Amino acid sequence: MKEQIYSLRIDAVHSLCVKEFYCEKSFDNQKQPILLIHGATIASELWVNDYKQYSWCHRLASLGYHVFTCDLLGFGMSKADISLLKITDTRATEMSKHAVKLIDHILHTTSHDKLSAIACSWGTVILTEILTKKNHNISKAVFYAPISYDSNAANYWLKKYESIPINNIGEKSGYVSVDANNFIARWDEEIPAEDKSTWRNDKVLMSIINNTTFNSATKNSSFLVPSGPLEDLADIFSNKIIHHPKRIKTPSLVIRASHDLTSTEKSSRDFFNSIQSSEKTYCEIKNGTHFALLEKTMEKIFAQTLIFLENNKKHK
């Protein structure tokens, strides 16, 4: 397995940390490259895990794909000056511009003219932004836990937005702290089993926490993430329209896990029904949470994703 980590300049000041994977033995250049886009809390560690069974980048590369992910601006190893980064710098509208530059880099690197994209949670807002622009280069899109309005999910995310600290110039800070124990508690809340290990591998969990903490900017015992995503989520859960799935005409797969309290059945269905592509599939996975990409049920999500990526027939 070939793994590369490098910086990609996106403007005069900032760079993205890019992670690239391919397997020389199984590499198939006929397969389009894949870009994986993370969500609002865990960066590329969502897709790259020490335990390879749960590592999407390693699994896809072993099947012949040329795979790319990154830490979006302000996340993980794509650090930015905490004192200078504004909340507006890391909203989906800006992040989608950075992602387009990464897509251009991927297509140049691989000599392909199209790629497939897989996004999770807030990352689906970014992917939607890209797909609603003219002349995008994405042939297939996978939306795991898509973000759309639901009053039942609104209370949690509006409180998170309200809790963003005010900086010394009277604006909401560009970063927020994430306490690892609070992150785990939020995950635990969605798992109905008393023994959480029946749904989630504890070693995988600690890989996520340890690598996120190691790679990210930190404050005391917490890791820092940009606050732009929280403003996006606050707008969406206030029923403001900031992204437009109804403009998506690309073949799409929408996946939701049954115990997800953020991407509810109603909001996921609404998102799916808005997509205008004639080739689209909706899939609900049992016994999974918002973080099911890293749970034992991820095998079902991975299998459905692979069927979609490798099937040339129309999806309805």
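Which residues of α2 are buried? That was my opening question for this notebook, and I come back to it below once the overall picture is down.

**Entry 1: the whole chain**

I am working from a predicted model, so I keep that in mind throughout. I counted the elements first: the protein chain has 9 helices and 11 strands. Next I looked up the radius of gyration, which is 18 Å, close to the 20 Å that the globule rule gives for 316 residues, so the chain is as compact as a globular protein of that length. Along the principal axes, the C-alpha atoms fill a box of roughly 50 × 45 × 40 Å.

I also checked burial for the chain: 57% of the 316 residues are buried. Then I looked at contacts with a separation of 6 or more, and 75% of them join residues 24 or more positions apart.

**Entry 2: helix α2**

Back to my opening question. The buried residues of α2 are A92, M95, S96, H98, A99, L102, I103, H105, I106, L107 and T110. I wanted to make sense of the spacing in that list. An α-helix has 3.6 residues a turn, so residues three or four places apart point the same way. With that in mind I reread the list, which includes M95, A99, L102 and I106.

I noted the dimensions too. α2 covers residues 92–110, which makes 19 residues. From first C-alpha to last, α2 reaches 26 Å, close to the 27 Å expected at 1.5 Å a residue. What follows α2? I found S111 there, with a positive phi near 60°.

**Entry 3: helix α3**

I moved on to α3, residues 122–131, and found it mostly covered, with 10 of its 10 residues buried. They are W122, G123, T124, V125, I126, L127, T128, E129, I130 and L131. I noticed that E129 is on that list, and I wrote it down as a charged residue by class.

Which elements do the buried residues of α3 pack against? I got β3 (34–37), α2, β5 (115–120), β6 (138–144), α7 and α8 (265–274). So α2, from my previous entry, turns up again here as a packing partner of α3.

**Entry 4: I34 in β3**

Since β3 came up, I picked one of its residues, I34. Is I34 buried or exposed? I34 has 0% relative accessibility, so it counts as buried. Leaving aside neighbours within four places in sequence, I34 is in contact with L60, Y65, H66, V67, F68, S116, I118 and L309. I also looked up one distance: I34 and F21 are 13 residues apart along the chain, and their C-alpha atoms are separated by 10.0 Å.

**Entry 5: cavities**

How many cavities of 30 Å³ or more are there? I found 2.

The largest cavity has a volume of about 160 Å³. Its lining has 14 residues, and A40, T41, S121, H290 and F291 lie nearest the centre. By class I got 9 nonpolar, 4 polar and 1 charged for that lining.

The second largest cavity holds about 40 Å³ of space. It is lined by L35, L36, I37, C70, L72, A99 and L102. The elements giving two or more residues to this lining are β3 and α2, and β3 gives the most, with 3 residues. I checked the classes here as well: 7 nonpolar, no polar and no charged. A99 and L102 were already in my notes, as buried residues of α2.

**Entry 6: pockets**

The largest pocket contains about 370 Å³ of space. I looked up its lining and got 20 residues, with I82, N167, S173, G174 and Y175 nearest the centre. Two elements, β7 (175–179) and β8 (218–219), give two or more residues to it. β7 gives the most, with 3 residues. The lining divides by class into 9 nonpolar, 7 polar and 4 charged residues.

The second largest pocket has a volume of about 310 Å³. Of its 18 lining residues, T41, Y156, K160, S177 and V178 lie nearest the centre. The elements with two or more lining residues are α4 (151–162), β7, α5 (180–190), β9 (222–226) and α7 (228–236). Which element gives the most to this lining? Again I wrote down β7, here with 4 residues. By class, I have 11 nonpolar, 4 polar and 3 charged residues for this pocket.

Methods. Residues numbered from 1 in each chain as written. Predicted model: local features only at pLDDT ≥ 70, side-chain atom pairs only at ≥ 80, totals over all residues. Heavy atoms only, no water. Expected span 1.5 Å × (residues − 1). Buried < 20%, exposed > 50% of the residue type's maximum accessible area, 1.4 Å probe, protein only. 1 Å grid on protein atoms, 1.4 Å probe; cavity = no way out; pocket = protein on both sides within 12 Å on 5 of 7 lines; lining within 4 Å. Points joined across faces, edges and corners; volume = space filled by probe spheres on them. Contact = heavy atoms within 4.5 Å. Rg over C-alpha atoms; globule rule 2.2 N^0.38 Å.
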